[in-house]
Amino acid sequence: MRFPKPTKLRTLSQIVFFFLFLFLLLRTEFRGSLTASASEIRLPYPVSLFFQFDPLVAISNALSSHALYRGLLWSMVVLIPTMFLGRFFCGWICPLGSIHHFFSSFISERKRGKQLIDSNRYKRWQTTKYYLLIASLVAAVFGTGIVGWLDPFSLLVRSVGLSILPATNHALRASLGVLEHSRYPFVQTVSGALHFILGALLLSFKQPHFRLGIWLGLIFVFLVALNFRITRFWCRALCPLGALLGIVSRWSVLGLVKNPEHCNDCNRCLLRCQGGDDPIGGVPWHQPECHLCLNCVDECPEHGLRFQFFPGQKAVGVDLQRRKVLTGLAAGVAVVPLARSTSGFATERHERLLRPPGALDEEYFLARCIRCGECMKVCPNNALHPAFSEAGIEGLWTPVLVPRIGYCETSCVLCSQVCPTGAIWEITEREKGWSVDVARADKPIRLGTAFYDRGRCLPWAMATECIVCEEWCPTSPKAIYLQPVEMIDATGNSKQVKQPYLDPSHCVGCGACEYACPVQDRPAVYVTSVGESRSRTNQILLNRRKG
Amino acid sequence: MQSDSIHLSRRDALVKLLRVAGAGAGAAGLGLWLSKHSWRPEPALAMAAKRGHTIATDPKLPEMAVITGDDPAQLTRQAVEELGGIRRFIARGDIVLVKPNIGWDRTPEQAANTNPDVVAEVIRQCSNAGAKRVIVTDVSCNDPRRCFQRSGIAEAARLAGAEVVLPDPAMFKDVDLQGEILRAWPVLDLFLNADKIINVPIAKHHSLTGTTLGMKNWYGMLGGPRHLLHQRIHESLVDLADFVRPTLTIVDCYRILARNGPTGGNLQDVILKKTLVAGTDPVALDAYVAKAYWNLEVSSLPYLKMAANRGLGTYEFEKVRTQIKTL
C-alpha cells in the first residue's frame, strides 16, 4: 500500500477536527433525555473541550488570575509540541483555520495567477497579530479577559453559536414548515422524515435568539470574505493564538529545507501557500508564519522542498519592529485603566448587569471571561445574551441575563459547567440553593432583586386579578407574597384583588416573575442587579437573611 | 466619426419586438391578477374542534373512588378497578392522551408534578385494554426538557410504553374553544386528535383559587399568552373544562403540595397522603379534594358552581356514588 500524501492526511485531520468542533458546539445544548430521570443534569459531552487545548486562553487566564482554571493545563498538549514542530495546530487542527483554508481555496477575479503568487509572499503587515497578542496579554496582566475578542475559539463559538446556527435553525424550520403544510401527503411524509433527521443532527430544541446576533454574524462573514482577496488573512494578520504559536515555534527543530539548485523559479510553491511564509528559493523562509500545511512540498515539480528535523538552513524568526512592540505594550497597559476610569465599573453600575449564577464578582469576572458565548449557547431558556453596553466597553460580549427573554431556571447550573475559564465558577444545584428555604440557606446565589412597577401592575393599577408572578416564583417560601385588598373599579363596584409584594430575604433574582408577567412590553415586575450575592457592595439591605 | 452600426434584419426586429411585448403582457397580466388578490390580512379562522370524550354513566358503578395505600401503581390499578375497570373507559384501537401535570422543573418528591408511578400505571392499563397509541404530553411552564426529565415522567412513561411528546411550536393549532370568555386559542393538536383523554393532575396549593386540581390542569394544553387567563380564572377554568370533558380523571394525592404552590420546591411543603381520587365527574372530584385536604368550601371556589351550571358535573360530592377504600 502506498502511503497517502501528507497533504491528504492534513485535509483529513482538518475535516475531523472541524466536525468534532461542530459536533461539540451543536451539543452545547441540553436536549433532555427520556431515559434518564437523574435530578442532577449534566451535558454528556465535554463541550468546551477546544478551549482547554487553547494555550492563549490558558496564558491569559494565568496572567489575569494567577492560576490555571481546571482543564486549561491540557493546553500544554498544544503548546509544547509547537515548540518542537511549529504551527502544526494552525494548519492541521484549528477549525477556524480550516474554515479560512476552505474559503481561501476559491479563486476570485482579484486573486489568480500573478496576483495570487504576489499575495502569498511574506508581507510586513502579517506581524500585526504579534502586536495584538502583546497588547491583549499585557491587558491580561492588568486583569481583563479581552483576549477573547480575538481568540479564535471564542470568535468561532460566539459567531457560529450565537448567530450562524440560530440563523440556520430559523431557515431550516421555515423551509420545513412550508413543506409540512403542503397539501400533498407524500411531501408531508418526506418533510416529516427530514425534520426528524435534522432534529437529531442540527436543529435546536427551540429557536434561539441573541442580542447583537446579526453583528456577531456579520463580523464573522466579513472575516471569512477577506479570504477571497488574501488567503487566510485572519490567520496571517490577526489571530493572536497564531501569533503565540508563531513566537514559540522560534525554537522549532522541524524546518523547511530548500534546495536552490532545484528551484527554477516556477513560483508554484507560492500558489497554495497558506501562511505567507516564502517557501520559494532565493529568499529566507519565515518559520513563525508557516502553518505546516505542506502544500509547497506537494506542489514543487522539482521535489526541491522538504521538511526535516534540524534543517541546517537559516530561517527568519518573528520579524518585530521595536516601535510597534512598544505601541502594543502601551496599548495593553492603557486599555484597562482607560476602560475602568469611565463610570460603570466602580461607580454607576448598570442596573441590568445581571450575571449568570456562579459568576464571580465583577472584577474577577472580567479578568477571566473570554466572551466566548458558551454559557449563552447552553442556557436552556435563552436567558444569557452578549452585553453591548451593560458592562461598559470592556464588558462587550460578556454574558448578561435578560429575564424578559428568559429567566434563570431554578435547578440549572449548565452555564457554570461549560465556562472554560471559571468566570462562572462551577457550582452544583445545592450550592445554587434555590430549592430550599432561601432565607435559611447557607449562602444562596442571588442574581439581583425584583421590584414592582405599581403603575403597570394589574392588581395595583387596574383593579384586575393576576398573581402570575407569585405563581412562578420558584423559592419556597415564595419571595412574592400577596395581600388581599378591596378596590373600586371603574364602574364603582367594590372588588377584592390580591396585590403582590416582594420579600427580599427570599428573592434570588432569577427573573421568572419578569419573564411571566403578562404586561408583555415593559413588565410590571423586573429584576435589577442590586443584592447580587457575588458583590459585597451592590447591596440594599443590612441583613438580607431572616431567622 | 465612426459609428458602430448594427444591421438588424426585419425578421430579427420582429422577433425582438414580440419578445419584449410578451414579457410586457406577462408583467401586466401578473400585475392585474395580483391586484385582484389584495385583502387586508386577517388571522386564519380558528377551527371548531369541540368534542366530548366522556363515556356513558352506569348507575351500578361508583362515580368516584378514593383509594389509600402505599404503592402508587397499586392505588391506580385499584381506583380504575373500582370505577368499572379500564375496559369501561378505553376501547381497542383508541388513541389515548394521558395528561399529567409536568409543569415545573421539580423532582417527584417535591410534588409539583404528577407522580410518575401513577402516570406509568395509567399507561399500562390503557395498553392492556388495547389502546392503539398512548400519548403523554403537557405544555410545561419551565423548560420542558428539564420538566419532563426531572419529574421522572418521561422515563416512567417511556418504559410503560407511551409516546412521550415534548410540544414543538409547530404542533399548536388555533382552535375556537367556544367558551364564554375564551374563543380562539392555540391548542396542542394532540388534544384534538385523541379518542380518549385521561386527566392525571396532582393536588397542589395555589394562591388564586386556593388549590390547583383537575380543571386547572387544562391550562397545559394551551399555547399563547395563557398568563392572561388568571385575570378571570374561574370563567377560564370552566371554559377549558367544558372544551375538553375528559374520559377519566385521576387526582394524584399521593403527595400533595400543601403550601407554596404550584411550584413548591421545599420538601417541607409536601404532605404524604398516599391517596388517589379518581372518577368520571371532574367537578365532584375537585370539590372533594379541595374540601378534604384544604378544607375549602364550594362557596370559596366559584368555578365549581359555574361548572355545575354548565352541566359539567356536580359540586355536591356527598351525593355522588363514592367508593372509599384503604389497601
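User: How many residues does the contact take from chain A and from chain B?
Analyst: This is a predicted model, and the two chains in it touch each other. Chain B contributes 36 residues to the contact. From chain A the contact takes 46 residues.

User: Which residues in chain A lose the most area to chain B?
Analyst: Between them, chain A and chain B bury about 3600 Å². Of this area, 51% is on carbon and sulfur atoms. Three residues together make up 19% of what the side of chain A buries. They are Leu34(A), Phe205(A) and Glu471(A).

User: How many salt bridges does the rule find across the interface of chain A and chain B?
Analyst: One of the pairs between the chains is Glu429(A) with Arg150(B), where the closest N and O atoms are 3.2 Å apart. That distance is within the cut-off of 4 Å. Across the whole interface the count is four salt bridges.

User: Which helix gives the most to the side of chain A that touches chain B?
Analyst: Between chain A and chain B, 23 residue pairs are in polar contact. On the side of chain A, the top contributor gives four residues and spans residues 468-472. By class, that side has 22 nonpolar, twelve polar and twelve charged residues. The helix asked for is α22.

User: What kind of aromatic pair do Phe50(A) and Phe153(A) form?
Analyst: The whole structure holds 25 aromatic pairs over all chains. In this one the centres are 5.5 Å apart and the planes make an angle of 75 degrees. Planes over 60 degrees apart count as edge-to-face. The pair is therefore edge-to-face.

User: How many residues apart are Phe50(A) and Phe153(A), and where do they lie?
Analyst: Phe50(A) is in helix α2 (residues 49-52) of chain A, and Phe153(A) is in helix α9 (residues 152-180). With relative accessibility of 9% for Phe50(A) and 1% for Phe153(A), both rings belong to buried residues. Ring pairs also link these two with Phe21(A), Phe51(A) and Phe89(A) into a cluster. The pair joins distant parts of the chain, 103 residues apart.

User: Why is the pair of Trp472(A) and Tyr515(A) classed as it is?
Analyst: The ring centres are 5.7 Å apart, and the planes are at 55 degrees. Trp472(A) is in helix α22 and Tyr515(A) in helix α23 (residues 512-516), 43 residues apart. Because 55 degrees is neither under 30 nor over 60, the pair is tilted.

User: Is Tyr515(A) buried, partly exposed or exposed?
Analyst: Its ring partner Trp472(A) has a relative accessible area of 4% and is buried. For Tyr515(A) the value is 30%. Since this lies between the cut-offs of 20% and 50%, Tyr515(A) is partly exposed.

User: Which side chain makes a polar contact with the side chain of Gln14(A)?
Analyst: Gln14(A) is in helix α1 (residues 6-26) of chain A and is buried at 6% relative accessible area. Beyond its neighbours within four places in sequence, Gln14(A) is in contact with residues including Gly91(A), Trp92(A) and Arg232(A). The polar contact spans 3.1 Å, and the partner is His101(A).

User: How many residues apart are the salt-bridge partners Asp319(A) and Arg124(A)?
Analyst: The closest N and O atoms of this salt bridge are 2.9 Å apart. Asp319(A) is buried at 18% relative accessibility, whereas Arg124(A) is partly exposed at 41%. Asp319(A) lies in the loop between β4 and α16, and Arg124(A) in the loop between α7 and α8. The separation in sequence is 195 residues.

User: Are Asp138(B) and Lys99(B) buried or exposed?
Analyst: These residues form a salt bridge, with the closest N and O atoms 2.9 Å apart. Asp138(B) is in the loop between β4 and α4 of chain B and Lys99(B) is in strand β3, so the pair ties together parts 39 residues apart in sequence. Both residues are buried.

Conventions:
Residues numbered from 1 in each chain as written. Chains lettered and ligands numbered in written order. Predicted model: local features only at pLDDT ≥ 70, side-chain atom pairs only at ≥ 80, totals over all residues. Heavy atoms only, no water. Contact = heavy atoms within 4.5 Å. Buried area = accessible area lost by both parts, 1.4 Å probe. Salt bridge = Lys/Arg side-chain N within 4 Å of Asp/Glu carboxyl O. Polar contact = N/O pair within 3.5 Å; in protein donor to acceptor, adjacent residues only side chain to side chain. Helix = DSSP H or I, 4+ residues; strand = E, 2+ residues; numbered from the N terminus. Nonpolar A, V, L, I, M, F, W, Y, C, P; charged D, E, K, R; others polar. Phe/Tyr/Trp six-rings, centres within 6.5 Å; stacked < 30°, edge-to-face > 60°. Buried < 20%, exposed > 50% of the residue type's maximum accessible area, 1.4 Å probe, protein only.
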